[in-house]
Amino acid sequence: MGDEYPTLFRSDQMSLVQLIVPTEVAHDTIAELGELGNVQFKDLNPDVNPFQRSFVGEIRRIDEMARRVRFFASQIEKEKDAIPIRPLYDSAPIITVGPRAAQTIDELDVKLAEHESRLTQMNESYQLLSERMKELVEARHVLRETAVFFDKAAGHQSDIRASLDDSSAPLLQHDDRENQFGSGQVEFDLEFVAGTIERSRLETFERVLWRVLRGNLYMNHTDIQEPFVDPVTGAETRKNVFIIFAHGETLLAKIRKVAESMGATLYPIDSNADKRSDALREVTGRLEDLQVVLYNTGNNRRMELVTIGESLASWLDVVQKEKVIYETLNLLNYDVRRKTLIAEGWCPTRDIPMIQVALRHATEESGTNVPPILHELRTNKTPPTFQRTNKFTEGFQTIMDSYGIASYQEVNPGLFAVITFPFLFAVMFGDIGHGFIIFTAALFMIMRERQWAKQDLGEIFGMFFYGRYIILLMGAFSMYTGLIYNDIFSKSLHLFHSGWEWPEARANETIVAQANGHTYAFGLDPAWHGADNSLLFTNSYKMKMSIVLGVIHMTFALCLQIPNHLRFKRVSDIYTNFIPQMLFLQSIFGYLVLCILYKWSVDWEKSPTGPPSLLNMLIQMFLSPGNVDPDTQLYRGQPTIQVILLLIAFICVPWLLITKPYLQYKEMKKIQGQGYIGLGGDESVHPNGDEVLEGEEEGNGRAIAEAMDEEHEHHDFGEVVIHQVIHTIEFCLGCISHTASYLRLWALSLAHAQLSEVLWSMTLEPVIGMPGIIGIVALAVVGVLWFTLTVFILCVMEGLSAFLHALRLHWVEANSKHYEAGGYQFTPLSFAKLNEKE
């Protein structure tokens with residue numbers, strides 16, 4: 001029944017299967033198994049170079065198609081205005097199985113190549129036109145700015161003349177002719193260079209020119225307000241227009257070389273105003289025509305990208321699946337004699353009928369009459385671990401898998417973590433209000449899970465969404481422990497009749513509550529809230545409670561050794577490991593828990609002795625066994641019982657240390673006494689000859705050969721002794737440190753309650769009861785502030801802290817008692833997981 005109805009208690013039973021697949025149906029078979037997602041294929045060609053395998057050509061072709069799809073996706077992503085991509089579930093499926101599978105892939109390859117060719121051509125045209133447009137825009141700015149400069153120069157001839165040194169050669173000559181022209185018709189005898197340069201390089205450009213030409217130049221520049229955008233990268237560049245006057249071709253040639261070396265763009269500008277005006281009109285006209293062409297080109301390119309976006313998701317899906325299929329086919333071994341492909345892999349035993357149905361379906365889809373053959377192989381190899389989970393248990397199982405993958409058929413702690421993890425979290429986070437907040441948040445995520453599961457929620461929020469069911473139970477358990485602590489936003493609830501009554505208070509007098517004979521029905525009595533000794537009481541209560549819960553949790557984890565020992569037929573480990581470990585734990589810390597419960601049950605006001613300190617009692621139990629102070633004795637016969645428990649604990653240490661190595665030593669001598677010894681001292685027992693021959697006849701030769709290579713790891717006697725010594729020391733010391741580690745339940749619960757009380761007293765408490773409209777406004781503002789701080793500090797930050805501490809208690813304190821975690825994950829070929837990664 002365990003195999004027919006698998007649970008999370010153990011991993012699924014796995015089988016090693018062999019598939020004999022005809023070549024013509026191989027592609028469709030792997031595709032069908034990929035859709036099913038429950039076969040993990042083995043590499044039957046481990047010694048073959050990846051570049052020498054059978055389907056390298058197909059993989060290269062698919063890689064080229066994948067490159068084109070990535071190119072399309074990058075082009076769509078770079079668009080400023082978002083281009084819609086039709087989701088996969090809304091796209092028409094592309095059938096890549098059946099008789100027309102090869103033709104479909106060929107057509108898709110041709111279609112992708114055509115789209116790439118068109119898009120590349122449009123990109124080149126758009127880039128070329130953009131570059132030409134940028135040049136024309138720069139030329140227009142140069143013409144405009146030089147015209148402004150010449151107009152200014154015409155009106156300031158005397159200033160220019162006066163600014164020159166009389167001893168130097170004049171830059172502007174023929175002054176007698178200058179008066180013949182109007183202000184707009186000035187002609188310059190000097191030659192000049194005009195162009196544009198990046199604004200960041202302008203200062204360097206000026207310095208270099210000044211040093212190269214030794215100051216024999218006149219330079220003017222002005223900013224271009226509009227930035228230039230690169231059509232490929234989208235980067236913005238700021239530029240300046242410059243005009244440089246110099247005398248002689250040699251100096252002008254130097255200026256041009258320096259300008260070109262610094263990335264400047266030079267433009268031929270005529271000194272005649274009429275020619276400059278004609279050039280400006282010509283540039284403006286060409287620029288308008290080019291803008292029309294550029295707009296049409298960009299529009300056509302966007303229409304092409306919109307067409308690609310309609311099918312991009314389905315193309316990506318097909319390319320990914322095809323690549324995985326051919327990579328899997330490369331793992332198969334080709335049988336030349338049978339003209340078939342041989343595959344081996346692991347699958348859950350209960351899924352073999354589903355796999356056989358999938359194989360028959362693949363045969364029907366491919367249009368052939370030769371179905372693949374499946375049969376199970378006998379092997380001694382350790383199967384992979386497969387925990388069958390659903391959306392509720394997946395998060396809890398992931399927490400345990402992060403610690404380590406369970407060994408095959410080992411008891412899975414993920415099943416019990418469904419309850420213990422949120423409960424230990426709630427012990428540290430106990431508050432009805434805070435628990436309700438995180439419970440409501442998780443419930444909202446669960447209600448929206450269908451919509452949000454299809455969206456990319458980002459790394460942080462996606463993590464919270466993945467653990468929504470964990471958060472739901474953490475909130476529910478936090479409300480439960482909040483009821484026990486009687487704590488809601490640091491306030492108490494009066495749900496039942498209190499067991500204490502407060503007498504009338506007098507001025508400056510401490511009053512003492514009096515018992516009224518009632519008992520508060522559930523949780524902490526609200527009368528403790530606000531009392532001077534409430535912190536002392538809750539401290540003692542929560543500290544002892546954390547020890548009780550910790551010992552119970554460790555005892556339960558230790559008990560999980562028994563089903564493992566029975567399952568793996570290690571009965572001797574029950575009385576060489578489990579029993580001494582259990583006796584050691586219970587003789588010290590189990591006894592402490594019983595003393596805590598007994599101390600809680602005694603009415604110390606009526607007792608002749610005072611309540612003892614249990615910590616001092618435990619210390620004295622080791623330092624002075626058999627001696628108990630009569631004034632602090634907890635019960636009659638306490639010294640004798642403590643001596644007996646101490647002796648049991650001391651006996652358990654050599655019991656743990658010696659018995660298992662001794663039994664293994666006797667077993668080794670017994671085998672050697674019978675005359676059996678393996679080559680090189682290997683006493684491993686191999687399959688007998690009849691089984692090997694029968695397996696080889698069934699095509700099981702490879703599996704048996706691999707199994708003989710992978711026998712259980714052999715340890716000599718010295719290694720067994722060393723391992724047992726380490727294990728004994730680790731367990732004995734771990735019992736003490738792990739029990740103390742559970743005190744974090746008390747510490748975090750105390751910190752959470754105190755932080756909640758401080759937040760209330762510093763925000764809401766001063767404004768509650770303020771009269772008038774000011775009180776209402778203050779209450780509204782401070783209420784929003786209080787709720788915001790409560791969510792982000794007390795719920796999120798404190799919640800994460802409690803989550804991590806609960807995680808540690810499961811990983812270290814509980815799992816170290818029983819969890820071997822020596823397995824490896826079952827990773828089947830699955831197209832569904834392929835889509836999840838994307």
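This is a short walk through one chain, looking at model confidence, one helix and two aspartates.

Okay, so keep in mind that what we have here is a predicted model. Mean pLDDT for the chain is 83, with 88% of residues at 70 or more. There are weak patches, though. Across residues 158-188 the pLDDT stays under 50, and the model gives that stretch 25 contacts beyond four places in sequence. Residues 708-713 are also below 50, with eight contacts beyond near neighbours in sequence. Where pLDDT is low, we shouldn't read the predicted coordinates in detail.

Now, helix 2, residues 56-78. It has 23 residues, so at 1.5 Å each it should span 33 Å, and its end C-alpha atoms are indeed 33 Å apart. Its buried residues include Val56, Ile59, Ile62, Met65 and Ala66, and further along, Val69, Phe72 and Ile76. Arg68 and Gln75 are on the buried list too. Remember, an α-helix has 3.6 residues a turn, so residues three or four places apart point the same way.

On to the aspartates. What does aspartate 525 do without a salt bridge? This residue sits in the loop between strand 13 and helix 16. Aspartate 525 is buried, and the nearest side chain of opposite charge, lysine 542, is 15 Å away. What its side chain does make is a polar contact with the side chain of serine 498, at 2.8 Å. Aspartate 525 also touches Asn486, Gly499, Trp500 and Tyr520, among other contacts that include Ser498.

Then there's aspartate 12, in the segment before strand 1. Aspartate 12 counts as buried because its relative accessible area is 3%, under the 20% cut-off. Its side chain has a polar contact of 2.5 Å with the side chain of arginine 388.

Notes
Residues are numbered from 1 along each chain as its sequence is written. This is a predicted model: local features need pLDDT of at least 70, side-chain atom pairs count only at pLDDT 80 or more; totals for chains, interfaces and linings use all residues. Side-chain values use heavy atoms; hydrogens and water are left out. pLDDT is the predictor's confidence in each residue, from 0 to 100. Contact means heavy atoms within 4.5 Å. Helices (H or I, at least four residues) and strands (E, at least two) are DSSP runs, numbered from the N terminus. The expected span of a helix is 1.5 Å times one less than its number of residues. Buried means under 20% relative accessible area, exposed over 50%, partly exposed in between (1.4 Å probe, protein chains only). Lys and Arg count as positive and Asp and Glu as negative; His and the chain ends are not counted. A salt bridge is a side-chain nitrogen of Lys or Arg within 4 Å of a carboxyl oxygen of Asp or Glu. A polar contact is a pair of N or O atoms within 3.5 Å; within protein, one must be able to donate a hydrogen and the other to accept it, and residues adjacent in sequence count only if both atoms are side-chain atoms.
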